[in-house]
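Please walk through the fold shown here, beginning with the surroundings of a single side chain and moving on to helix packing and the nonpolar interior.

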Amino acid sequence: MSLLKVTDLVKHYPAGAGFFARGKEKVRAVDGVSFSLAAGETLGLVGESGCGKSTLGRLIVRLEEPTAGRIFFNNLDITALSGKKLRELRQKIQIIFQDSYSSLNPRRTVGSIIGEPLANFRIGTRKEQRRRVQELLEIVGLKPEHVSRYPHEFSGGQRQRINIARALALHPQLIVCDEPVSSLDVSIQAQILNLLRNLKTQFGLSYLFISHDLAAVSYISERVAVMYLGKIVEVIRSQDLVQKARHPYTRALLAAVPVADPRRRGERKVIVKGEPPDPLNPPAGCRFHPRCPAAAEKCRTEEPPLETVADGHVVACHYVKI
């Protein structure tokens, strides 16, 4: 059963305002995205910067209002929730932001930051809230006595642990992880990824894990969704990603992963040239066709639908056998 189901989700932004407005043009940040996420599953969402993956994450937690489409959580349509019902939803869906420093109030102590969700929802007495905060600090690998410290007194990895503790405070079912390790050192990234995996098992969590790092996504996710210019072009099981990816863009991302062995650096066969098209004016047909080394006339005129090519594997490409 799906915990989260997204159907034809769209988010467009006006291209400008006032004197510099560009008529009725709109930035098509998310342009018809559909996917599902099972309870207890981690779905990785990967793509280049500007493809719309962070916007998609904010739409799901209702930090942004969708232009069109629907979002179902536990079979409840949450797309237009407001007021008390939206407030109740906040307990079940949380988010971890990319920047571990700017997402923490520098004027508040760690205890106040982590305890804020408990205070907002009036969960427990002040003594019970403080005990819960200390418990959360221990769960994420910090010390209970850190409650009186301020964010600037911690390293980047420790601050991200504080963000994770805050996300756990209300016992959520789903956490959207918006590039939670991209700003951290490699060794610290591994620690945070392992922490997230352990917490998932311990508390039965589900994650939407957003990143541009295929290695991190493959490590933590059961399935990987590849996004390009506002659309999902492939969804595949993580274990099949390297050997069975079909979409040329997915193959290009895999080919761009650094290779440590210099003897293997010449093995890359997929080379993508140019920059992504302007989201104000996306190309007709397949949006990847201006950069695709295998594009044909059909790709320029007809948009490929997401089609199943194997169990748990869907691709939006006219020529999936290439």
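In this predicted model, Arg87 counts as partly exposed, because its relative accessibility is 40% and that class lies between the limits of 20% for buried and 50% for exposed. Arg87 has its place in helix α2, which covers residues 83-90, and, when residues up to four places away in sequence are not counted, Arg87 touches Asn120 and Phe121. Gln134 stands 47 residues from Arg87 along the chain, and the C-alpha atoms of these two residues are separated by 25 Å.

A further topic is the packing of two helices, α5 (residues 156-168) and α6 (residues 186-203), whose axes are 10 Å apart and form an angle of about 15°. Since angles under 35 degrees count as roughly parallel, α5 and α6 are therefore roughly parallel to each other, and α5 passes α6 in a right-handed crossing. On the α5 side, Gly157, Arg161, Ile164 and Leu168 take part in the contact, and they meet Ile188, Gln191, Ile192, Leu195, Leu196 and Leu199 of α6. By class, this contact of α5 with α6 has seven nonpolar residues, two polar residues and one charged residue.

Some of these names return in the interior: the largest nonpolar core has 50 residues, of which Ile114, Ile164, Leu168, Ile175, Leu196 and Phe209 touch the most other members. Leu196 touches Ile96, Ile164, Pro180, Tyr207, Phe209 and Ile220, again leaving aside residues up to four places away in sequence. Separate from this core is a second one of 31 residues, which includes Leu37, Leu43, Val61 and Ile210.

How values were computed
Residues are numbered from 1 along each chain as its sequence is written. This is a predicted model: local features need pLDDT of at least 70, side-chain atom pairs count only at pLDDT 80 or more; totals for chains, interfaces and linings use all residues. Side-chain values use heavy atoms; hydrogens and water are left out. Axes are lines fitted to C-alpha atoms, for helices over the stretch in contact, and angles run from 0 to 180 degrees between N-to-C directions. Helices (H or I, at least four residues) and strands (E, at least two) are DSSP runs, numbered from the N terminus. Angles under 35 degrees count as roughly parallel, over 145 as roughly antiparallel, 65 to 115 as roughly perpendicular and the rest as oblique. A crossing is left-handed if the near helix is turned anticlockwise from the far one by less than a right angle, and right-handed if clockwise. Contact means heavy atoms within 4.5 Å. Ala, Val, Leu, Ile, Met, Phe, Trp, Tyr, Cys and Pro count as nonpolar, Asp, Glu, Lys and Arg as charged, and the others, Gly among them, as polar. Buried means under 20% relative accessible area, exposed over 50%, partly exposed in between (1.4 Å probe, protein chains only). A nonpolar core is a set of buried Ala, Val, Leu, Ile, Met, Phe, Trp, Tyr and Cys residues joined through side-chain atoms within 4.5 Å.
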